[in-house]
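Biologist: I'm new to reading protein models and would love a guided tour. Could you show me the structure, and then we can go through it together?

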Amino acid sequence: MPDALEIAPATGKLGILTPGVGAVASTAYAGVIATRRGLAAPVGSLTQMAHMRLGRREEGRNPLIREVVPLAGLDDLVFGGWDPISPNALEAARTAGVLTSEDLAPLSSELEGIVAMPAVFDQRWVKKLDGVRVKTGTDKWDLAQQVIADIERFRVEEGCDRLVMVWCGSTEAYQEPSEVHATVESFEAGLRADDENIAPSQIYAYAALVSGVPFANGAPNLSIDLPCMQELAARNGVPITGKDFKTGQTLMKTILAPGFKARMLGMRGWYSTNILGNRDGEVLDDPENFKTKEVSKLGVLDTILQPEVYPELYGHIDHVVRINYYPPRGDNKEGWDNIDIFGWMGYPMQIKVDFLCRDSILAAPIVLDLALFLDLAQRAGQSGVQEWLSFYWKSPQPAGGVPPEHDIFIQQTKLKNTLRAWIGEEPVTHAED
Ligand SMILES: NC(=O)c1ccc[n+]([C@@H]2O[C@H](COP(=O)([O-])OP(=O)(O)OC[C@H]3O[C@@H](n4cnc5c(N)ncnc54)[C@H](O)[C@@H]3O)[C@@H](O)[C@H]2O)c1
């Protein structure tokens with residue numbers, strides 16, 4: 001048996017802070033509150049519903065993850081956030097229209113009590129939104145200090161023992177890393193000089209890491225996948241993970257593509273189109289914001305299919321992704337996929353997938369799991385990029401120079417084997433007799 005890590009117990013309250021109190025965040029809060037009250041089941045959440053085999057098959061040990069891994073309980077969670085538009089989580093949920101008014105009614109006073117703090121917001125990064133509840137400051141350094149003060153105030157007022165931050169804000173315009181992102185020193189100088197390359201999400205990430213608060217990035221924009229943030233996370237001993245919640249179409253892609261590859265079926269093309277009508281769809285209607293998302297969505301197939309290893313099967317794939325803003329659909333997205341595959345002697349076949357999904361219903365349990373697992377990682381003395389959480393991401397951030405892993409089944413194995421190792425159990429490799 002490997003030695004278990006020393007994991008501090010999950011005593012006291014855990015605060016979950018979300019920059020962005022929109023559809024995903026409000027649906028996540030509502031689901032936790034409803035589950036606490038016995039009004040709903042936390043479907044889609046590994047921390048709440050998944051079991052994990054321990055030991056050899058004949059031992060028959062298959063406990064719930066939360067029975068053997070010391071995770072914070074749902075009763076100990078409190079929520080907070082920042083938003084330039086939503087005044088509180090109830091208004092955000094009503095605007096998002098994900099949950100029915102019947103489902104919101106019993107939760108309304110608790111959701112209304114989650115008041116969004118004024119945001120660090122700059123329309124340059126999200127052209128389609130007009131922020132009204134926005135912080136002002138002398139420069140970006142000043143704004144970062146205001147977020148740090150918000151975090152501390154929340155910690156004290158809510159009596160939190162620990163905090164985690166999960167970015168649930170809009171996708172920011174596309175950006176490449178620049179010199180200001182190279183080191184903590186250059187980033188701090190950039191904050192003071194109001195450097196135009198520093199996006200709002202990076203100010204939250206900086207504030208979190210300076211405050212010792214683990215950070216997860218639910219959107220595809222740059223925030224912690226920057227050298228300065230990795231340096232800061234290592235220096236302050238803080239776990240980080242990203243990026244871009246793996247929900248609708250990309251979830252399907254990472255479920256289907258490993259299956260085609262396992263059977264050595266070839267692929268000639270994968271055309272994906274989406275129609276959605278929520279605020280996220282509106283933001284992504286701007287080409288600069290869509291580009292950020294497109295890069296994140298396109299990266300998935302290559303790493304799963306390995307065209308460099310299988311050029312005759314996967315060397316010539318046309319992979320196209322489109323997102324169209326179509327208001328009548330609201331949060332209930334429709335994602336169409338046309339997949340052109342080929343088999344024995346090169347004979348072509350087509351697969352059509354029409355996924356009528358609910359984006360925020362798929363994303364909400366991911367917010368919960370990431371918050372609980374990041375908190376666990378911190379109590380287990382872990383810091384820096386948490387690669388074992390790749391399972392949750394469209395663009396998983398690898399730790400140190402290796403390519404990311406996109407295959408959801410490998411990701412799941414890594415997640416569970418990491419938990420097994422931390423609690424002193426053998427990894428399950430399926431290699432036993
Ligand atoms: N729903 C999904 O399935 C899914 C999947 C992957 C990624 N995402 C990403 O998650 C994020 C949230 O999605 P959503 O559907 O809740 O969108 P949403 O538009 O409903 O909510 C985003 C919220 O962020 C706020 N915001 C914008 N800039 C901000 C800032 N600088 N600081 C604080 N708040 C800010 C907006 O006012 C809005 O209320 C988006 O970036 C989206 O691309 C969602």
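Modeller: Happy to! One term before we start: two strands pair if DSSP finds at least two bridges between them. Keep in mind, too, that this is a predicted model.

Biologist: In what order do the strands of the 6-stranded open sheet stand?
Modeller: In this open sheet the pairing is parallel. β2 (77-82) and β10 (384-385) each have a single partner strand, so they stand at the edges and one side of each is left without a neighbour in the sheet. Reading across, the order is β2-β1-β3-β4-β5-β10.

Biologist: Which residue of β10 does Pro239 stand opposite?
Modeller: Strand β5 covers residues 239-242 and pairs with β10 in the parallel sense. That pairing has 2 bridges. Opposite Pro239 stands Gly384.

Biologist: At about what angle does helix α9 run to β3?
Modeller: Helix α9 is made of residues 200-210. The helix lies across β1 (13-19), β3 (160-167) and β4 (215-217). Its angle to β3 is about 155°.

Biologist: What is the strand order in the open sheet of 4 strands?
Modeller: Here the pairing is mixed. β7 (318-325) and β9 each have a single partner strand, so they stand at the edges and one side of each has no neighbour in the sheet. From one strand to the next the twist averages 10°. The order is β7-β6-β8-β9.

Biologist: Which helix packs on that sheet?
Modeller: Look for the helix that touches β6, β8 and β9. Its direction makes about 15° with that of β8. This is the helix of residues 249-262, α11.

Biologist: How many bridges join β6 to β8?
Modeller: β6 spans residues 266-276 and β8 spans residues 334-342, and the two run antiparallel. One facing pair to find on screen is Thr273 with Trp336 in β8. The number of bridges joining the two strands is 9.

Biologist: Which residue in the hairpin of β8 and β9 takes a positive phi?
Modeller: β8 pairs with β9 (residues 348-356) in the antiparallel sense over 9 bridges, and Gly335 stands opposite Phe355 in β9. The hairpin has 5 residues between the strands. The residue with a positive phi, near 60°, is Met345.

Biologist: How far apart do the C-alpha centres of domain 1 and domain 2 lie?
Modeller: The protein is divided into domain 1 (13-245 + 361-422) and domain 2 (249-356). Their contact takes 26 residues from domain 1 and 27 residues from domain 2. On the side of domain 1 that touches domain 2 there are 13 nonpolar, 7 polar and 6 charged residues. The distance between the C-alpha centres is 26 Å.

Biologist: Where does the shell around the ligand lie with respect to the domains, and why?
Modeller: Among the 35 residues around the ligand, those that come nearest are Gly20, Gly22, Ala219, Thr247 and Arg279. By class, the shell has 19 nonpolar, 11 polar and 5 charged residues. Both domains give residues to this shell, so its place is between domain 1 and domain 2.

Biologist: Which element gives the largest share of that shell?
Modeller: α1 (23-36), α12 (279-284) and α15 (359-379) each supply at least two residues. The largest share is 4 residues. Those come from α15.

Biologist: Last one: what is the radius of gyration of the protein?
Modeller: The secondary structure comes to 16 helices and 10 strands. For 433 residues the globule rule gives 22 Å, and the protein's value is close to that, so the protein is as compact as a globular protein of that length. Its radius of gyration is 21 Å.

Technical notes. Residues numbered from 1 in each chain as written. Predicted model: local features only at pLDDT ≥ 70, side-chain atom pairs only at ≥ 80, totals over all residues. Near = placed C-beta within 6 Å. Nonpolar A, V, L, I, M, F, W, Y, C, P; charged D, E, K, R; others polar. Domains from an automatic or database assignment. Contact = placed C-beta atoms within 7 Å. Axes fitted to C-alpha atoms, helices over the stretch in contact; angles between N-to-C directions. Rg over C-alpha atoms; globule rule 2.2 N^0.38 Å.
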